[in-house]
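Here is a short briefing for a first look at this structure. Keep the view open as you read.

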Amino acid sequence: MFNIPFNRPHVTGREVQYIAEACDRGHLSGDGLFTGRCQRWLEEATGATRALLTTSGTSALEMTAILADIGPGDEVIMPSYTFSSSANAFVLRGGVPVFIDIRPDTMNMDEALIEAAITPRTRAIMVMHYAGVPCDMEPIMAVAERHNLVVIEDAAQGLLSSYRGRPVGGIGHMAAFSFHETKNIIAGEGGAILINDPRVVQRAEIIREKGTNRTAFHRGETDKYTWVDLGSSFLPSEIIAAFLWAQLEGAKEITARRLALWNRYHERFAPLEAAGLARRPICPDDTVSNGHIYYLLLPSREKRDALIASLRAVGIMAVFHYIPLHSAPAGTRFGRANGAMTHTDDLSHRLVRLPLWVDLGDRLDEVAGHVLRILGAGDAS
């Protein structure tokens, strides 16, 4: 349908080889050779105490909610501008998402608003690193320490991003990565939970294995395994892990290529920003982005929608992003907003995401040229 789609999954060329190797080994149910390789890679890349592969980024977030002991009426402070999984993970435990506004520069949660949202029922802060640009974690961790709160990083978009030299996923008490095909590093589906609090590592293993101590049994730490806690089937197969291992081997190269494309967009759209026709993304000096998303902020929703329609007419797929959770049907039912959502409401209506995938290559210039022509800042050459 589209000459230039919004996303096209990238493969390194080794995925099928590793899947075949997993089949030859006869271990397909998970926690085999490739699962171990992926988990060690994630631990080394992030500094996390423990990384565990999961069936999705969503299931990793659901594990964090169990590990944080979220129960009925417990509140979790989070941005409204995020995916439904960020809130669903806690609502499933009876928790109440408390939405706060985002910063107008990074689109991340406004850390200055967190403390005012804390009540006696607050148990956790869930940050989401939008577009691979890290949140301002130092003041967030300081607030959490003052109030004895758990910090959970929704790092679905943040693999290989960093904040003040610290990798995303290795800063909060827990974190979740996604390897959905729209992410930088993919496995079709799949995710990972990262544990930075050694006290909950053993329980995380149990929760991931249907509430049993099966992982400890396989290490020879017990002579049998049985049901000991809450849990579900969060462990992915070796097929997924084998595919993911091929991606992780090339993760640094993949990220570098995405960043090169991101920077080309950024350079091409400088005239738009100078003319006041659009605003480009902002990455604070103390952060390193992984180039996950390139977006523009248009002056109005009408101009944003017109740009998407005009690009569609020439075969280019551009999209908007989240409907803010505080205004979504389930958000009004299960959560509540704390304070005004001024920037969330405004920016969500004006944001457009442009095609960005590893093999986009010179077609990026075609996209940029059409955007410039449509917005009146140049032609499509």
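Tyr81, Tyr130, Tyr295 and Tyr322 come together in one aromatic cluster. The structure, a predicted model, holds ten aromatic pairs. In one pair, the ring centres of Tyr265 and Phe269 lie 5.6 Å apart with planes at 15 degrees, so this pair counts as stacked.

**Aromatic residues**
- A pair of aromatic rings is described by two things: the distance of the centres and the angle of the planes.
- Tyr265 and Phe269 are both buried.

**Helix H15**
- Helix H15 covers residues 363-374, twelve in number.
- From first C-alpha to last, H15 reaches 17 Å, close to the expected 16 Å.
- Its buried residues are Leu364, Val367, Ala368, Gly369, His370, Val371 and Leu372.
- Those buried residues of H15 pack against three helices, H10 (251-268), H11 (270-274) and H12 (301-313), and against strand S11 (295-297).
- Gly376, just after H15, takes a positive phi of about 80 degrees.

**The whole protein**
- The protein has 15 helices and 13 strands.
- Its radius of gyration is 21 Å, which agrees with the value near 21 Å for a compact globule of 381 residues.
- Along the principal axes, the C-alpha atoms fill a box of roughly 70 × 55 × 35 Å.
- Of the 381 residues, 56% are buried.
- Take the contacts between residues at least 6 apart in sequence: 70% of them join residues at least 24 apart.
- The exposed area is about 15,400 Å², and carbon and sulfur atoms supply 53% of it.

Note on methods
Residues are numbered from 1 along each chain as its sequence is written. This is a predicted model: local features need pLDDT of at least 70, side-chain atom pairs count only at pLDDT 80 or more; totals for chains, interfaces and linings use all residues. Side-chain values use heavy atoms; hydrogens and water are left out. Rings of Phe, Tyr and Trp (its six-membered ring) pair if their centres lie within 6.5 Å; planes under 30 degrees apart count as stacked, over 60 as edge-to-face and the rest as tilted. Buried means under 20% relative accessible area, exposed over 50%, partly exposed in between (1.4 Å probe, protein chains only). Helices (H or I, at least four residues) and strands (E, at least two) are DSSP runs, numbered from the N terminus. The expected span of a helix is 1.5 Å times one less than its number of residues. Contact means heavy atoms within 4.5 Å. The radius of gyration is taken over C-alpha atoms; the globule rule is 2.2 Å times the number of residues to the power 0.38. Accessible areas come from the Shrake-Rupley method with a 1.4 Å probe; for residues, only the protein chains shown count as cover.
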